[in-house]
Amino acid sequence: MPNHRRRILLVSFNVAGHDCLALGYIKAFALKDPTVSRQTQIDILGFSNEEDSVRQALYYVTEFKPHLIGFSCYVWSMTTILELARSVKQIMPQVPLVAGGPEVGPMADEYLAVHQQALDVVVHDEGEAPFLDLIRHFFAGKGRLEDIAGISFRRGQQVVRNKDRTPIKDLDEIPSPYLSRALTPRDGVTYLQSFRGCPFRCGFCYEAGRHKMLRFFSYERVKAELELVMGDPSIRSFHFVDSVFNLNPKHLGRLAGLLRDANRYNTGLRTIEVFTEQVDEETVRYLLQAGVQSVETGPQTAIPETQKRIGRYFDADKFARGVRLMQEAGIDVWCDLIVGLPGDNFFRCAASVAYSMGLRPARIVISILHVLPGTPLFEKAERFGLAFDPAPPHYVIANDSFPFDQIYNAVLFSSSAAKEYNVALT
Amino acid sequence: MIAYEKLCLGPESNDDCALCPVKVEQRTGALTEVIHRLNALADPENVALCGGESTPHKDLLFLLSNACGRGARRIKLVTSGRRLTDWDLLTELIGGGCRLFEVKIHGSGPETHEAITGERGSFDQTLEGLQNLSTLSGSADYEGAIYVAARVGVTRVNLEDLIPTIALLASLDVDRIILARRGIDLPMTAAAQAVGNALRMAALNRVWAECEGFPPCLMKGSEMHVAELLRPVPSEVRKPKGCRACIYTDICSGPPKDPARKGCLRGFRAVSSSSYVEDVSYLLRTRSPHAEP
């Protein structure tokens, strides 16, 4: 019997072999609708950002013969996705192409206006509910595009912006991608989430430009996911993508208990993000109970004036104490530094490298500032004298305290210094 | 920015460098004495094994193993690189825990390099050693796990050859280049200009380079590359009167010793203002415990 189901393809270009959790949520949420589940086939196609070429991806996509394509867009993959989308449009002009994700959402209208040959619809923010509405619209003829909140779309040459959508309040309405089998847990590259949002407003971070309200998955739901993931002995480690794993002692204690109870095969938790100034002996006990093997944290810069300018709380002594407590407990701490922040300059960057080395973390991770759409730095670029590339990956060029030649040299210096530090024997 | 505890393995060398900085008091070559010094280190996390020339030392692998056993996490070998032509030795060193190499090279070809080392054929061997390191660090097995610095002694002999030397080193993917002043007869103003150009050449090739022994007053515009400002260490060396008013006086090691010779002080001027002073002071205050005491 021929398969008359409409085919929907969800495409991402992922880093380091990871899956795209966002597409897992979108698929799981869409398939919760009985009609969509019955009448469509949704496939997730994850390419390697490092190894797969656009033409390779184009071949796969066209072989699927999809009726609708959704792209998950991040700063690292946007250029590739646009190239792919332009090519897809040449071969399948009738297939609607929808883009969502942190790179396009905050600049939805600009992307639609500039990339007319590539994109038809852009989702402003969280994609689960708008994408389901789009499926219903395109395949069941339900509703008009103008009535779907949370999207912008192109009508001819014109870009139409609909009103923003209120995010889903009860996150348990979104089925688990793992429990619903939209995604298959794999060793080292499985992401879980216990809440969405972030209590902090760091100027460089996409989360800071989004909803202030934190929304939580129920502990029952997290427990069920943990039992699935940690019940598989082939999974040696996995991650949580929570913006702050040690959000508060109560939440951390609850999570740690769930993790401890589900941990039958000594599974580890890796590179979770922690708020280090808040780490005390109790936090460390919970982290160990949770099976945390490594954490990733700031300070991003060790210069108090810069921290203040970018809206971050920083206490050098508390930070150092937090790192020490975790290291003493055998938890690897990775310290992140960003080159190019407003308020810094070459020698301040060097001071941050020196400060971080002094903490003796397991690794120092250097990155160049990406002025990401939707972040406070992006929105207030003029105030900081920020010059940056408007195209992804939006590398900083200069700011009012950090001229380009200093940024260029600071990248060379700190990358070399970090490599020298990181070749340490373990 | 990491400061290493230096362990001198002895004065032996397969080169005959006229400007070798090894001092008589550093010449502690006996194995028992080296081990004793290693054991006496309060914090042996970062150790540099140097000479003379470190690689001919017959107990080098034993010393590596000993250093690892003492808790060394970064063991740097300071070497001419000539014996790194021996692939077996190189892989044994890396397998034994040596992941950082500082290779001394003094020119882009045999003429300049060997004029300093005094050994015919030494350039080709040093180059081959660097090529072997480059091959290994570019391999999948050792990606990001080997750090190679190149130390170029800046002398009268190789001033004209600095830029070709930088180009050569950039092609070998070294992680850092150090241009270090050697000799007291160096025409400092001209040398500083040549070094400044070489530093810019390195930046153009995306290689981090820094200079040692060139005071910031001579390196205007290249202060970011002055090693003494990046690893600031309070300097108590007696400096000429003219340096006392300099804003860098507490950090800078000053002009070369014996400044009266050949008008060596020409070009040295107290720096009265710099946009970097405050930040350099900050760096001094917050410097890593890894920094030299």
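**View 1. Packing around helix α9 of chain B in this predicted model.** The buried residues of α9(B) pack against α10 (304–309) and α12 (346–358) of chain A, together with α8 of chain B. They are B:Asp279, B:Val280, B:Tyr282 and B:Leu283. Look down the axis of α9(B) and these buried residues fall within an arc of 155°, so they line one face of the helix. Turn to the other side of α9(B), and you will find B:Glu278 and B:Arg285 exposed.

**View 2. The side of chain B that touches chain A.** Here 38 residues of chain B are in contact with 28 residues of chain A. The area buried between the two chains is about 3100 Å², with carbon and sulfur atoms giving 62% of it. Three residues are worth picking out: B:Met1, B:Arg73 and B:Met224 supply 21% of the area that chain B buries against chain A, more than any other three residues.

**View 3. Salt bridges and polar contacts between chain B and chain A.** Five salt bridges are counted between the chains. One to zoom in on joins A:Arg360 to B:Glu45, whose closest N and O atoms are 2.4 Å apart. The count of residue pairs in polar contact, both at pLDDT 80 or more, is 13.

**View 4. Elements of chain B that meet chain A.** Two or more residues each come from β4 (98–104), α7 (188–204), α8 (227–230) and α9 (277–285) of chain B. Our helix from the opening view, α9(B), gives the largest share, four residues. By type, the residues on this side of chain B divide into 21 nonpolar, six polar and eleven charged.

How values were computed: Residues numbered from 1 in each chain as written. Chains lettered and ligands numbered in written order. Predicted model: local features only at pLDDT ≥ 70, side-chain atom pairs only at ≥ 80, totals over all residues. Heavy atoms only, no water. Contact = heavy atoms within 4.5 Å. Buried area = accessible area lost by both parts, 1.4 Å probe. Salt bridge = Lys/Arg side-chain N within 4 Å of Asp/Glu carboxyl O. Polar contact = N/O pair within 3.5 Å; in protein donor to acceptor, adjacent residues only side chain to side chain. Nonpolar A, V, L, I, M, F, W, Y, C, P; charged D, E, K, R; others polar. Buried < 20%, exposed > 50% of the residue type's maximum accessible area, 1.4 Å probe, protein only. Arc of directions from axis to C-beta.
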